[in-house]
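Reader: I would like a close look at one part of this model, namely the place where the two chains meet and the empty space around it. Could you take me through it with care, beginning with the pocket?

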Amino acid sequence: METINLCCDHITSPISKELHVLAVDDSNIDRKVIERLLKVSSFKVTVVDSGSRALQYLGLEEDNNSSQFDDLKVNLIMTDYSMPGMTGFELLKKIKNSSTLKEIPVVIMSSENILTRIDSCLEEGAEDYLLKPVKLSDVRRLKDSILKSEGAEIRRIQSHKRKRNNDRLPSSVACHDLSVPPPSPQQPTPKLARL
Amino acid sequence: MERNQMQMHRQIATIRKSLFDQGYLDEQFVQLEELQDNSNPNFVEEVVTLFYRDSARFLYNLDQALEKRPLDFSRLDSLMHQFKGSSSSIGAKKVKIECTHFRDYCNARNTEGCQDKLGPSRRHAGPDKSFGF
């Protein structure tokens, strides 16, 4: 029905796909471990060894406004704090100052339990600060919180769209409570909260 | 299961337990074991191999740094910080502790302390016992 198409644009939900994490760490051992932790927790993982490589991947090169950006869509960035060159903190700032990237949650990982450091990271917009060595329970907790906020964001977008469309259409055909976009058959059913 | 195999499994289990009891390994090592499964059957071995390679490189760099006079404490501290990170990630508890002690000496600008920690004996005798290798 045409009306439904007008009201309920199919939103590609990140919840129905695997969440994609970009992990940044200069230590090869830590990269290997974090990659495994994330894969075991059903994330799609990309691992890089520096802040500048992370920015390259995210398409923040000066001359490059990557059109591939959507395919690479990163749902979460996890970065080590102490890295040579660009620190995790500097990377965090660059991401939060970028109009295209600032919505991506950033988690800092560090072996050092320094309150002032934790505070400044959180103040700068970090989602969380994990003490190394990072454990499976940390990753699971993170996943829950990311899924919750992604779900909330989608609900917000959908309800905004519904409202906008309702304002345009005559009230007799306005949408009511079309809460769940039909899941695409090829994709796994989302485990999480109904939208 | 064949008798010999059973004996070997028992031996391995005993050695493994003693590594924990003696404080060489901590719960992070268990975490690594938990990450191993049929899809990644050699995960622990791979990580430990990476660690040994890292250690070799680290000891070499440390050696170089300790030759210099005066000692560059901030370089030494930075090396130790990295190595401490690696050892912590695999659950090498004793190594991690030794790194902390070394860094304390660095912070105190204690040349003697740093030298003692590694000792001239290490170069001749091979892996340093205090690092639990």
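**The second largest pocket and the interface around it**

Author: In this predicted model, the second largest pocket encloses about 610 Å³ of space. Its lining is made up of 27 residues, and those closest to its centre are A:D26, A:S27, B:H81, B:Q82 and B:F83, a set that draws on chain A as well as chain B. The elements that give two or more residues to this lining are α2 (28-40) of chain A together with α3 and α4 of chain B, and of these α4(B) gives the most, with 10 residues. Sorted by class, the lining of the second largest pocket holds 12 polar and 10 charged residues, alongside 5 nonpolar ones.

From the pocket one can turn to the contact between the chains, to which chain B contributes 19 residues and chain A contributes 15 residues. Between them the two chains bury about 1500 Å², with 60% of that area on carbon and sulfur atoms. Within the area that chain B buries against chain A, B:L35, B:L50 and B:H81 supply 33%, which is more than any other three residues; B:H81 is also one of the residues closest to the centre of the second largest pocket.

As for the polar side of this interface, 2 salt bridges are found across it, and one that can be named joins A:R36 to B:D37, whose closest N and O atoms lie 3.1 Å apart. The count of residue pairs in polar contact between chain B and chain A is 5, with both residues at pLDDT 80 or more. On the side of chain B that touches chain A, the elements that give two or more residues are α2 (27-34), α3 (43-67) and α4 (73-90) of chain B, and by class that side has 9 polar, 7 nonpolar and 3 charged residues.

There is also enclosed space to consider, for a search of the whole structure finds 2 cavities of 30 Å³ or more. The largest cavity holds about 90 Å³ of space, and its lining includes A:D25, A:D30, A:V33, A:I34 and A:L37 from chain A, as well as B:Q28 and B:S89 from chain B. Here α2(A) gives the most to the lining, with 4 residues, and the classes are 6 nonpolar, 2 polar and 3 charged residues.

Notes:
Residues are numbered from 1 along each chain as its sequence is written. Chains are lettered from A and ligands numbered from 1 in the order in which they are written. This is a predicted model: local features need pLDDT of at least 70, side-chain atom pairs count only at pLDDT 80 or more; totals for chains, interfaces and linings use all residues. Side-chain values use heavy atoms; hydrogens and water are left out. Contact means heavy atoms within 4.5 Å. Buried area is the accessible area (1.4 Å probe) that two parts lose on being put together, summed over both. A salt bridge is a side-chain nitrogen of Lys or Arg within 4 Å of a carboxyl oxygen of Asp or Glu. A polar contact is a pair of N or O atoms within 3.5 Å; within protein, one must be able to donate a hydrogen and the other to accept it, and residues adjacent in sequence count only if both atoms are side-chain atoms. Ala, Val, Leu, Ile, Met, Phe, Trp, Tyr, Cys and Pro count as nonpolar, Asp, Glu, Lys and Arg as charged, and the others, Gly among them, as polar. On a 1 Å grid over the protein atoms alone, a cavity is a set of points where a 1.4 Å probe fits but cannot get out, and a pocket is an open set with protein on both sides within 12 Å along at least five of seven lines; lining residues have an atom within 4 Å of a point. Grid points are joined across faces, edges and corners, and a volume is the space filled by probe spheres set on the points.
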